[in-house]
Amino acid sequence: MIAHPDSIFTPSRLQRIFSSLFFAATTLLACLGSLIALPAAWGQALSPMPRPKEPLEKYDNPPAYIFRIETSPAMVSQYGSFTSYQVNVDAGGHNILGDAANEPSIAVGPTNPGRMAIGWRQFNSVTSNFRQAGYGYTTDGGTTWRFPGVLQNNAFRSDPVLNSDSAGNFFYLSLLETFYDDMWRSLNGGQSWTRLGPATGGDKEWFTIDKTNGIGHGFQYQAWSTDGNNYGGRQFSRSTNGGLTWMNPINIPNHPVWGTLDVDANGRLFIGGGDESSRFWCIRSSNAQNAGVTPTFDQVTGVNLGGSIVSDGSINPGGLAGQIFLAVDRSGTATNNNVYMLASVQPTGATNGMDVMFVRSTNGGLSFSAPHRINDDPINHNKWHWFGTLSVAPDGRIDVVWLDTRNAANNTNSQLFYSYSADGGVRWSANVVVSNSFNPFIGYPNQNPKIGDYITIVSDDTGGNVAYAATFNGEEDVYYVRVEPPLPQPTDFNNDGHPDYVLRKATTGQTAIWYLNNNVFISGAYGPTLPAGWGLRGVADFNRDTHPDYAVGNPVTDRTAIWYLLGPTYIGGAYGPTLPSGWELVATADFNGDGKPDYVLYKPTTRQTAIWYLNNNVFVGGAYGPTLPAGWELVATADFNGGGKPDYVLSNANTRQTAIWYMNNNVFVSGAYGPTLPAGWSLVGP
């Protein structure tokens with residue numbers, strides 16, 4: 001039976017036909033122009049090869065008819081201390097059999113981080129590649145998720161991108177079948193969504209929101225691809241009214257694709273992207289924050305990421321193996337306004353595999369460092385480190401996650417990995433496995449075989465919130481997992497998981513580290529020598545780079561300082577707060593549970609204790625602790641009852657009795673006597 005013409009030439013099909021004709025016409029004109037200009041250009045360097053056509057998010061199958069929805073228990077996947085919770089569950093919290101979900105994007109409430117929302121590509125049945133805009137939300141920090149449905153029933157949608165503004169409103173940018181976008185907003189943490197209206201856009205779009213207090217506060221900026229583009233290649237737009245309306249799109253220099261956007265502390269906009277191969281750029285607009293002007297781009301910087309983006313690679317045959325992520329530090333610390341870019345790339349010269357590569361700019365994107373390889377396994381081009389993504393925490397820590405095949409004999413089964421940097425990307429923590437292994441090749445919807453094109457992470461002061469797709473259930477599902485920097489042993493100087501001795505020679509001020517395995521001496525190394533008049537008061541990781549640092553004090557001047565170490569080596573220092581007269585710095589530990597060590601002070605004349613809460617070397621607040629009984633002194637701190645909170649260690653010099661005071665932050669909870677010391681011995685620390 002021949003279809004009626006009205007059923008063939010639908011508006012969406014006409015739009016695609018006209019777009020194709022327009023593209024063909026402009027391509028022909030460009031080719032004619034090239035032929036005319038050829039004699040003048042003869043002998044010059046050849047232009048880069050044309051970009052490959054990217055896999056577009058196109059309508060194909062109609063929605064599948066589902067007779068009855070079958071369910072099974074939702075998946076909670078535990079790996080060590082990390083727990084991945086399934087997000088795409090029904091109203092009862094059950095897994096939905098026969099569906100698929102991938103390409104997740106996460107938004108986290110800045111005023112209430114326990115409220116989060118994740119959007120994804122929802123396939124109600126793997127028998128059809130018809131996809132919709134799924135979403136789920138949590139109010140308890142990611143332990144429990146609810147999946148109310150999709151933004152719009154039976155509407156083809158793809159490429160979900162979520163974000164939040166500084167007030168805690170969530171936004172969902174969604175790609176339509178027509179290769180236009182629309183914007184949705186949630187005022188209740190992602191529980192329900194309201195369509196704000198059309199939002200220009202195109203295929204593989206990203207957007208960011210200005211969260212600064214500058215003139216661009218609340219502005220939304222969007223960039224998208226040159227393919228699946230309704231604007232003749234123009235690919236940037238701006239909204240100055242919270243996503244309600246958008247400006248007529250404009251061109252971006254070099255037409256970068258597949259990259260994200262961010263805003264620095266001064267309100268300047270940065271766009272990352274590439275040419276679908278080995279060329280990458282960081283592009284800046286300093287006046288996009290000015291609503292009265294059409295944005296211009298005042299800086300274009302070429303970036304070397306050490307390889308090429310992979311499309312249609314064997315690890316994700318129908319899609320990208322990663323996109324280009326740009327993030328800016330707005331911490332107000334020494335790394336403020338650093339610009340970072342990261343991507344999973346196939347190393348230059350390799351024909352297989354990928355590495356996660358990172359670069360940093362400390363001068364506003366004017367220049368970038370050499371590429372740094374984040375995955376720390378031996379180089380093996382049969383291994384895939386794919387879907388790399390990053391986020392910058394409010395305190396400046398950089399979190400990176402990716403999928404990784406290093407532990408798979410077949411080089412394809414993947415696990416989620418994590419690494420972080422606490423010093424602006426100069427040094428990186430050892431890679432940590434976050435998830436169980438899964439097979440990325442199962443559970444495909446009836447589509448080009450892929451598990452999406454990206455995963456995402458949003459960081460806060462103590463960790464990162466990750467949305468990723470995996471097949472733990474034997475099908476493609478979306479998962480949430482919380483990643484945090486591991487708490488190192490306070491005195492583990494060689495990162496072998498065993499605490500070590502710190503020695504000091506009183507006559508010279510020389511320090512030394514004795515590396516131990518339990519109680520057995522393994523080897524030793526000299527540490528830095530303290531200046532005259534200074535004493536070693538505590539050891540803790542103050543800059544959160546996983547390496548213990550010295551806290552030193554001068555009892556004459558009451559000055560304190562932090563000496564930052566890499567193993568036994570001094571790499572830098574900063575003054576800490578000056579103590580009030582009559583007080584002593586006796587220990588360091590994290591009392592308020594923010595992941596940052598604090599000072600413990602003691603005043604011998606009154607036996608009063610106090611906690612000074614620190615952010616690295618900076619005093620941020622204080623509280624009195626308990627007053628000790630007569631004859632007792634505070635010696636050290638440690639978590640003795642496994643409660644996750646440091647306790648006081650006390651000693652009585654007259655009776656040689658020891659005691660533990662169990663603490664909740666600065667509050668005494670209870671106490672217990674410890675062993676009595678032999679005559680002639682004194683307690684130094686746990």
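## Exercises on a predicted model

Arg185 is partly exposed, with a relative accessibility of 30%. Keep that residue in view, because we start with it; the structure you are exploring is a predicted model.

### Exercise 1: Arg185 and its surroundings

Find the strand that holds Arg185, and then list what Arg185 touches.

*Solution.*
- Step 1. Look along residues 181-186: this is strand E11, and Arg185 lies in it.
- Step 2. Check the class of Arg185. Its 30% falls between the cut-offs of 20% and 50%, so Arg185 counts as partly exposed.
- Step 3. Leave out residues up to four places away in sequence. Arg185 then touches Phe170, Phe171, Ser192, Trp193, Thr194 and Leu196.
- Step 4. Now go to Gly242, 57 residues from Arg185 along the chain. The C-alpha atoms of these two residues are separated by 9.3 Å.

### Exercise 2: Ser344 and its polar partners

Decide whether Ser344 is buried or exposed, and work out which backbone nitrogens its side chain reaches.

*Solution.*
- Step 1. Place Ser344 first: it sits in strand E22, which covers residues 339-347.
- Step 2. The relative accessible area of Ser344 is 0%; buried means under 20%, so Ser344 is buried.
- Step 3. Follow the side chain of Ser344 to the backbone nitrogen of Phe387, at 3.5 Å. A polar atom of the same side chain also lies 2.9 Å from the backbone nitrogen of Gly388.
- Step 4. Widen the view to contacts, without the neighbours within four places in sequence. Among the residues in contact with Ser344 are Ser308, Ala321, Met354, His385 and Trp386, as well as Phe387 and Gly388.

### Exercise 3: Two positive phi angles

Which sign does phi have at Phe387 and at Trp258?

*Solution.*
- Step 1. Recall the general pattern: most residues other than glycine have a negative phi.
- Step 2. Turn to Phe387 in strand E25, residues 385-392. Phe387 is not a glycine, yet its phi is positive, at about 60°.
- Step 3. Phe387 has 2% relative accessibility, so it counts as buried.
- Step 4. Move on to Trp258, in the loop between strand E15 (236-239) and strand E16 (261-263). Trp258 is not a glycine either, and its phi is positive at about 65°.
- Step 5. With 3% relative accessibility, Trp258 is buried as well.

### Exercise 4: The cavity

How many cavities of 30 Å³ or more does the structure hold, and which residues line the largest?

*Solution.*
- Step 1. The count is 1 cavity of 30 Å³ or more.
- Step 2. The volume of the largest cavity is about 40 Å³.
- Step 3. Trp258 from the previous exercise returns here as one of the lining residues, which also include Lys204, Trp206, Trp224, Pro256 and Ile271.
- Step 4. Sort the lining by class: 7 residues are nonpolar, 3 are polar and 1 is charged.

### Exercise 5: Domains and a loop residue

Give the domains of the chain, and say how domain 1 meets domain 2.

*Solution.*
- Step 1. The domain assignment gives domain 1 (71-483), domain 2 (488-578) and domain 3 (582-685).
- Step 2. Over C-alpha atoms, the centres of domain 1 and domain 2 are 39 Å apart.
- Step 3. Contacts link the two: 8 residues of domain 1 with 8 residues of domain 2.
- Step 4. Finish at Asn413, in the loop between strand E26 (398-404) and strand E27 (415-421). The C-alpha atoms of Asn413 and Asp549 are separated by 38 Å.

Notes
Residues are numbered from 1 along each chain as its sequence is written. This is a predicted model: local features need pLDDT of at least 70, side-chain atom pairs count only at pLDDT 80 or more; totals for chains, interfaces and linings use all residues. Side-chain values use heavy atoms; hydrogens and water are left out. Helices (H or I, at least four residues) and strands (E, at least two) are DSSP runs, numbered from the N terminus. Buried means under 20% relative accessible area, exposed over 50%, partly exposed in between (1.4 Å probe, protein chains only). A polar contact is a pair of N or O atoms within 3.5 Å; within protein, one must be able to donate a hydrogen and the other to accept it, and residues adjacent in sequence count only if both atoms are side-chain atoms. Contact means heavy atoms within 4.5 Å. On a 1 Å grid over the protein atoms alone, a cavity is a set of points where a 1.4 Å probe fits but cannot get out, and a pocket is an open set with protein on both sides within 12 Å along at least five of seven lines; lining residues have an atom within 4 Å of a point. Grid points are joined across faces, edges and corners, and a volume is the space filled by probe spheres set on the points. Ala, Val, Leu, Ile, Met, Phe, Trp, Tyr, Cys and Pro count as nonpolar, Asp, Glu, Lys and Arg as charged, and the others, Gly among them, as polar. Domain bounds come from an automatic or database domain assignment.
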